Amino acid sequence: MGSSGVQIVCMALGILGLIAAVVTIAVPRWKVSAFIGQNIITAQVQEEGLWMECVVQSTGQQQCKAYDSLLILGSALQAARAMTIISCIAGADFTTCIENEEVKPKVSLVSAIGLMLAGLLLIIPVSWAAHNVVRDFNNPLVAQSQKRELGACIFVGWGGGVLLLLAGGLLCCFSRPRSGGSGGTAKYYSNSASAPSKNYV
């Protein structure tokens, strides 16, 4: 097993990545209004997230409304919901606080795989959403009022996914079990008579 310092670093990275994943899921800032052409000054900004869409007035007031039905949502949004929730579950299911030295490497390896899976499940939906936003932004057939820009949650999701992948990778590298059943200790004997005697034929 690696040093306790490496484990603490992995734990800290995993917790930061999990916090970023929760923020990415909860905050409705995946897409925001795009200011294009003459639309520089506007009285309101539209923000869209996984669970609701909000309108922020120029006075600072914010009104949010949850999506009416799951059935009217696009496949990209439904997949993003599922993957980010699984990411939080997988990311939260890691622990290295185990006293048994024989079991600890196996549990750490499983935790490392869970962290890396959580990172991938967080990076995939935010990258998918970013691709859709950029594609619609550059599509001349989409009206300017319907075009959106990347919200802050996209970047938070990317950062959280990288942290989870890094934590899982480090933990995986330092969770290899020790070789040898006797703990790897070697016995040395001097040339004196204290060495065990053997009968040779």
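This text walks through a nonpolar surface patch, an aromatic pair and a charge over a ring. The model is a predicted one.

Start at the surface. Ile15, Leu16, Ile19, Val23, Val27 and Val156 together make a nonpolar patch of about 440 Å². Helix α1, which spans residues 4-26, is the main contributor. It supplies 4 residues, the most of any element. Val156 belongs elsewhere: this residue is found in helix α4, residues 152-173. How accessible is Val156? Its relative accessible area is 31%, so Val156 counts as partly exposed. Patch residues need over 30% relative accessible area, and Val156 has 31%.

Stay on helix α4 for the aromatic pair. A search of the whole structure turns up 1 such pair. Its partners are Phe155 and Trp158, arranged edge-to-face. The ring centres lie 5.6 Å apart, and the planes meet at 75°. Where do the two partners sit along the helix? Phe155 and Trp158 are 3 residues apart in helix α4, which means about one helical turn separates them. Neither partner is buried: Phe155 is partly exposed at 47% relative accessibility, and Trp158 is partly exposed at 29%. The range for that label runs from 20% to 50%.

Now turn to another ring, that of Phe137. Which residue lies over its face? Lys147 does, at 5.8 Å from the ring centre.

Taken together, helix α4 holds Val156 of the nonpolar patch as well as Phe155 and Trp158 of the aromatic pair. Lys147 and Phe137 add a contact between a charge and a ring face.

Note on methods. Residues are numbered from 1 along each chain as its sequence is written. This is a predicted model: local features need pLDDT of at least 70, side-chain atom pairs count only at pLDDT 80 or more; totals for chains, interfaces and linings use all residues. Side-chain values use heavy atoms; hydrogens and water are left out. Patches are made of residues with over 30% relative accessible area and no salt bridge: like charges are joined within 9 Å, nonpolar side chains (Val, Leu, Ile, Met, Phe, Trp, Tyr) within 5 Å. Accessible areas come from the Shrake-Rupley method with a 1.4 Å probe; for residues, only the protein chains shown count as cover. A salt bridge is a side-chain nitrogen of Lys or Arg within 4 Å of a carboxyl oxygen of Asp or Glu. Helices (H or I, at least four residues) and strands (E, at least two) are DSSP runs, numbered from the N terminus. Buried means under 20% relative accessible area, exposed over 50%, partly exposed in between (1.4 Å probe, protein chains only). Rings of Phe, Tyr and Trp (its six-membered ring) pair if their centres lie within 6.5 Å; planes under 30 degrees apart count as stacked, over 60 as edge-to-face and the rest as tilted. A charge sits over a ring if NZ of Lys or CZ of Arg is within 6 Å of the ring centre and within 35 degrees of the ring normal.
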